[in-house]
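Q: Could you take me through one part of this structure up close? I'd like to see how a single helix sits in its surroundings.

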Amino acid sequence: MEEAVTDVLNSETGADGICTVELNRPAVMNALDGGLVEALGETFYALEYDEEVRVVILTGAGDRAFCVGADLKERKGMSQGEVRRRIDDYRVVFDRIARLSKPVICGINGYAFGGGLELAMACDLRVAAQQTQMGLTELRLGIIPGAGGTQRLSRLVGVARAKELIFTGARISADSAAEMGLVNDVVAADELIERCRELAEEMLLSAPIALAQAKVAIDTGADVDLQSGLDLESVAYAVTLGTEDRLEGLAAFKEKRDPKFKGK
């Protein structure tokens with residue numbers, strides 16, 4: 001088991017290959033400041049190349065919030081140029097999370113507003129605690145979502161619904177988020193990490209290379225026309241054909257046993 005702990009972020013990988021990353025600024029509801037954004041970027045960069053990690057769970061410390069977005073106290077003392085640079089940092093880090101070759105499950109354990117919801121939307125799946133409220137509330141501060149919110153939300157819930165939520169700055173419940181497809185599941189707060197782990201454990205049954213290629217095919221195909229998406233799927237499928245895991249999967253099926261995938 002490997003563990004990395006900083007003042008603002010905890011990361012621990014178990015023997016099963018599930019890595020739990022925890023935002024660790026509970027006193028300010030895990031608001032994003034420069035240190036936390038930098039730590040997120042460094043952590044997910046390392047996770048990309050960590051062969052022991054199969055699935056990542058991202059959540060927040062404390063029982064009030066996953067992440068309430070930008071640390072406005074820090075932001076107040078920044079120049080316009082510094083703010084623009086910080087938003088660019090957000091985009092780079094959130095995109096790194098979105099493009100990770102391993103699945104990322106977000107356990108939304110409380111408030112998720114602004115950049116906090118944008119961070120959650122960069123993950124592959126989202127599970128929310130029952131008491132969670134979330135929203136892209138930036139317009140009420142005189143700005144717009146600037147770290148992927150206008151793009152990722154519309155792809156998750158549709159253009160018209162995204163416009164409604166962003167234009168009004170609405171704060172919605174976990175159940176409402178589930179109804180519109182923004183989150184995959186809603187559970188009691190004390191069951192949140194357990195549910196995330198259940199999903200992660202199901203993913204561990206899949207071949208690692210196939211899992212990564214399925215993610216690539218879905219994510220890239222979502223931004224192109226159907227025929228182009230089918231072509232991308234064909235390329236991703238071809239990557240799996242020459243793997244030892246494919247042969248192991250066939251052998252295990254024939255022998256009526258569980259496969260032992262090696263990611264090769």
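A: Here's a close look at one helix, followed by a pair of helices elsewhere in the chain. Keep in mind that this is a predicted model.

Let's start with helix H11, which covers residues 244-255. H11 has 12 residues and stretches 16 Å from its first C-alpha to its last, close to the 16 Å you'd expect at 1.5 Å a residue.

Now, which residues of H11 are buried? They're Asp 245, Glu 248 and Ala 252. Look down the axis of H11 and you'll see these buried residues fall within an arc of 55°, so they line one face of the helix. The spacing fits a handy rule: an α-helix has 3.6 residues a turn, so residues three or four places apart point the same way.

What covers that buried side? Part of the cover comes from helix H9 (208-221). Flip to the face of H11 turned away from its buried side, and you'll find the exposed residues Leu 247, Phe 253 and Lys 254. Then, just after H11, Lys 256 takes a positive phi of about 55°.

For another view of helices, check out H5 (residues 149-157) and H6 (residues 159-168). Their axes come within 7 Å and cross at roughly 130°, and H5 and H6 are therefore oblique to each other. The crossing of these two, H5 and H6, is right-handed. On the H5 side, the contact is made by Gly 149, Thr 150, Leu 153, Ser 154 and Val 157. H6 brings Val 159, Arg 161, Ala 162, Leu 165 and Ile 166 to that contact.

How values were computed: Residues are numbered from 1 along each chain as its sequence is written. This is a predicted model: local features need pLDDT of at least 70, side-chain atom pairs count only at pLDDT 80 or more; totals for chains, interfaces and linings use all residues. Side-chain values use heavy atoms; hydrogens and water are left out. Helices (H or I, at least four residues) and strands (E, at least two) are DSSP runs, numbered from the N terminus. The expected span of a helix is 1.5 Å times one less than its number of residues. Buried means under 20% relative accessible area, exposed over 50%, partly exposed in between (1.4 Å probe, protein chains only). The arc is that of the directions from the helix axis to the C-beta atoms. Contact means heavy atoms within 4.5 Å. Axes are lines fitted to C-alpha atoms, for helices over the stretch in contact, and angles run from 0 to 180 degrees between N-to-C directions. Angles under 35 degrees count as roughly parallel, over 145 as roughly antiparallel, 65 to 115 as roughly perpendicular and the rest as oblique. A crossing is left-handed if the near helix is turned anticlockwise from the far one by less than a right angle, and right-handed if clockwise.
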